[in-house]
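Let's take a walk through this fold together. Please have the model open in your viewer as you read.

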Amino acid sequence: MSETELIRLKPRRIRVVCWSSAVALVVVFGLVATSLSGPTGDGYGSFQRGDQIAMVGLGIFGALGFLLFTRPRVEADARGVRVRNVISSYELPWEVVRGVRFDRGAPWASLELHDDDLLPMIALQAADKESAVEGVRALRRLHQAHLARLTERATGR
């Protein structure tokens, strides 16, 4: 394991689902917007160009909401690990990490910290199967390499 090795991990399956859902949502809202014309049910009001634009805008905002779920990433190197989830981001040195967990039945992997907290890594999802397992193994190798360096320093070699 080299000192400069950088591991970059992203979820795969959720990215495909989110992008296809976002496109479908914009298309559906676009079709609804084109069908909004003329008077409403009883004729008391009528749909205008602004209503159509608003419907397309709602579709775009909904699609952007779906695309937030493509944001998770994990980057790790010899110094530490950087976790970006849907909303929050963390940068942790390996010194604060006790272990990398991917419990059976868990939806995603997590970092076990020395203060007994668990930090979820949404980028490593069980839905990605072998890809997620390989990512966890790579993170564990980096963590073990860090522990080995600490042991070497402590013994004075």
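Two strands are said to pair if DSSP finds at least two bridges between them. The strands themselves are DSSP runs of E with at least two residues, while helices are runs of H or I with at least four, and both are numbered from the N terminus. You are looking at a predicted model, in which local features need pLDDT of at least 70 and side-chain atom pairs count only at pLDDT 80 or more, whereas totals for chains, interfaces and linings use all residues. Residues are numbered from 1 along each chain as its sequence is written, and side-chain values use heavy atoms, with hydrogens and water left out.

A good place to start is the sheet. Four strands make it up, in the order β1-β4-β5-β6, with antiparallel pairing, and the sheet is open. At its edges are β1 (7-9) and β6 (89-93), each of which pairs on one side only. On average, neighbouring strands here are turned by 10 degrees against each other, direction ignored; axes are lines fitted to C-alpha atoms, for helices over the stretch in contact, and angles run from 0 to 180 degrees between N-to-C directions.

Now bring in helix α3 (residues 130-155), which packs on the sheet and touches β1, β4 (73-76) and β5. Contact here means heavy atoms within 4.5 Å. The direction of α3 makes about 150 degrees with that of β1.

Next, follow the chain through two hairpins. Three residues lie between β4 and β5 in one hairpin, and these strands pair in the antiparallel sense over four bridges. There you can find V74 opposite V83 in β5. The other hairpin joins β5 and β6 with four residues between them. Strand β5 (residues 80-84) pairs with β6 over five bridges, again in the antiparallel sense. Look for G80 opposite P93 and R84 opposite S89.

Why is β5 largely enclosed by the rest of the structure? Four of its five residues are buried, so the strand has cover around it from the rest of the structure. Buried means under 20% relative accessible area, exposed means over 50%, and partly exposed is in between (1.4 Å probe, protein chains only).

Finally, turn to the surface. V26, V56, I60, F61 and L64 make a nonpolar patch of about 440 Å². Patch residues have over 30% relative accessible area and no salt bridge, and nonpolar side chains (Val, Leu, Ile, Met, Phe, Trp, Tyr) are joined within 5 Å, like charges within 9 Å. A salt bridge is a side-chain nitrogen of Lys or Arg within 4 Å of a carboxyl oxygen of Asp or Glu. Areas come from the Shrake-Rupley method with a 1.4 Å probe; for residues, only the protein chains shown count as cover. Helix α2 (residues 49-67) gives the largest share of the patch, four residues. L64 lies in this helix and counts as partly exposed because its relative accessibility is 47%.
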